[in-house]
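Subject: Structure handover

Hi,

Here is the structure I promised to pass on. Have a look at it first, and then read on for what turned up.

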Amino acid sequence: MKVLVAGGAGYIGSHCVRQLIAAGHKPVVVDNLSYGHKAAVPDTVPFHDVNLGDSVALDRIFKNEQIDVVMHFAAFAYVGESVTKPLKYYINNTSATYTLLDSMLKHGVKKFVFSSTCATYGIVKSLPIVEDMPQAPINPYGQTKLDVEIALKALAYGQGLSFATFRYFNAAGAAEDGSIGEDHNPETHLIPLAFGAAQGLRPALQIFGDDYPTPDGTCLRDYVHVDDLSRAHIAVFEKLEQPGAALFYNLGTGQPTSVREVITAVEKVSGLKVPVNYTTRREGDPPALYANSTKAQTELGWKPKYLSIEPIIETAWRWHERKPKGYQDR
Ligand code: UFG
């Protein structure tokens with residue numbers, strides 16, 4: 001398959017590009033490098049520095065490249081920022097996605113794989129989360145992803161689009177060889193901040209609350225390896241052959257892991273101490289989020305290779321040890 005990977009220079013997109021190549025597919029990356037890293041994309045992969053809101057540029061790409069399927073990873077994903085700058089999120093995550101969909105459909109490309117998030121569920125009444133639970137996001141980031149999910153259903157019904165939406169839990173880890181990994185600017189995610197603090201490159205890690213109703217008082221999350229996420233995107237191709245397919249899957253390991261457990265794993269794997277400060281809760285952090293991914297496992301035969309935090313952290317350490325300053329180190 002020739003796969004247009006929107007956001008292919010970003011964290012999850014760049015890992016998926018590698019997995020696509022390994023599986024014998026041909027990725028074509030579209031990324032405006034607003035947050036992505038050109039160095040994360042292999043030199044052999046066609047690369048278009050294009051904004052997804054630019055319909056003229058997109059039309060040109062769809063005209064020139066014979067694309068079979070589009071994967072869309074290109075979103076802004078800072079929950080806090082989405083609250084203070086909602087239009088930035090509506091314009092990029094929603095509006096630009098509609099431009100991308102319009103352009104691909106105009107050119108007869110009808111297969112779409114969309115990166116959604118567990119943030120579309122909002123505050124859930126029970127755990128683990130299953131796909132048919134009510135979705136009520138509590139921030140604009142989650143809302144923009146849900147808005148696209150709803151539009152996709154209409155396009156499947158009305159225009160024969162075949163799509164799969166993956167609701168990621170906490171993407172984590174790095175390529176097994178440590179060649180690419182997690183590097184956001186600004187960085188807000190727990191694992192890279194913990195490694196940065198341990199390596200003395202960042203301030204002490206702030207633990208946002210240890211008074212949650214969880215076993216050790218810190219938040220529980222479902223950390224899922226970025227390569228496992230990528231593999232699901234490829235496993236779904238066969239299902240997209242069915243015109244009008246409208247598929248929704250949670251992707252997580254189902255294993256709740258606390259902030260403290262992540263820190264313990266970082267220390268064990270790196271042999272370094274993570275300096276920490278305890279501070280107040282971060283606004284908008286639910287106490288616990290973890291997935292039931294039975295649907296992806298049953299329907300796609302998807303089986304995460306990494307089932308617990310330590311092996312995930314081992315891959316992350318290979319990346320952070322090799323590139324302490326991320327892609328800047330290249
Ligand atoms: N945390 C800290 N200190 C930090 C950073 C994080 O204690 O410096 C804690 C958070 O409070 C949270 C956990 O570590 O309990 C994980 O936080 P991350 O920021 O790494 O990830 P989130 O769970 O907040 O966010 C992730 C994705 C979002 C997605 C969200 C859905 O990054 O894109 O899950 O809840 F929307």
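Contact here means heavy atoms within 4.5 Å. Bear in mind that this is a predicted model.

Let me start with the domains. The chain splits into domain 1 (2-172 + 223-251) and domain 2 (190-222 + 254-328). Their centres, taken over C-alpha atoms, are 24 Å apart. Where the two meet, 27 residues of domain 1 are in contact with 26 residues of domain 2.

Next, the inside. Nonpolar side chains tend to be buried together in soluble globular proteins. The largest nonpolar core here has 34 residues, and the ones with the most contacts inside it are Ile12, Leu20, Met71, Phe166, Val236, Phe237 and Leu251. Two or more residues come from each of β1 (2-6), α1 (11-22), β4 (69-72), β6 (162-168), α7 (226-235), β11 (246-251) and α9 (294-300). Of these, α1 is the top contributor to the core, with 5 residues. Both domains take part, each giving at least three residues to this core.

Phe237 is a good residue to click on. If you skip its neighbours within four places in sequence, Phe237 is in contact with Met1, Val3, Leu20, His25, Val69 and Met71. There is also a second, separate core of 27 residues, and Val28, Ala96, Val109 and Leu161 are among them.

Back to α7 for a moment: this helix is mostly covered, with 8 of its 10 residues buried. The buried ones in α7 are Val226, Asp227, Asp228, Leu229, Ser230, Ala232, His233 and Ile234.

Now for the empty space. The second largest pocket holds about 390 Å³. It is lined by 23 residues, and Asp183, His184, Arg202, Lys325 and Gly326 lie nearest its centre. The elements giving two or more residues to that lining are α6 (190-198) and α10 (309-322). By type, the lining of the second largest pocket breaks down into 7 nonpolar, 10 polar and 6 charged residues. Domain 1 and domain 2 each supply at least three residues of this lining.

As for closed-off space, the count is 1 cavity of 30 Å³ or more. What lines the largest cavity? Look for Tyr223, Thr253, Gln255, Thr257, Leu307, Ser308, Ile309 and Ile312. Its volume is about 30 Å³, and the lining of this largest cavity is made up of 4 nonpolar and 4 polar residues, with no charged ones.

Last, some backbone details to check on screen:

- Leu127 and Pro128 are joined by a cis peptide bond, with omega about -5°. Pro128 sits in the loop between β5 (111-117) and α5 (140-159).
- Another cis peptide bond runs from Asn185 to Pro186, with omega near 5°. You will find Pro186 in the loop between β7 (170-172) and α6.
- Leu33 is not a glycine, yet its phi is positive, near 60°. Leu33 belongs to the loop between β2 (26-30) and β3 (47-48).

Is Leu33 buried or partly exposed? Its relative accessible area is 29%. Buried would need under 20% and exposed over 50%, so Leu33 counts as partly exposed.

That's the lot. Shout if anything is unclear.

Cheers

Note on methods:
Residues numbered from 1 in each chain as written. Predicted model: local features only at pLDDT ≥ 70, side-chain atom pairs only at ≥ 80, totals over all residues. Heavy atoms only, no water. 1 Å grid on protein atoms, 1.4 Å probe; cavity = no way out; pocket = protein on both sides within 12 Å on 5 of 7 lines; lining within 4 Å. Points joined across faces, edges and corners; volume = space filled by probe spheres on them. Helix = DSSP H or I, 4+ residues; strand = E, 2+ residues; numbered from the N terminus. Nonpolar A, V, L, I, M, F, W, Y, C, P; charged D, E, K, R; others polar. Domains from an automatic or database assignment. Core = buried A, V, L, I, M, F, W, Y, C linked by side-chain atoms within 4.5 Å. Buried < 20%, exposed > 50% of the residue type's maximum accessible area, 1.4 Å probe, protein only.
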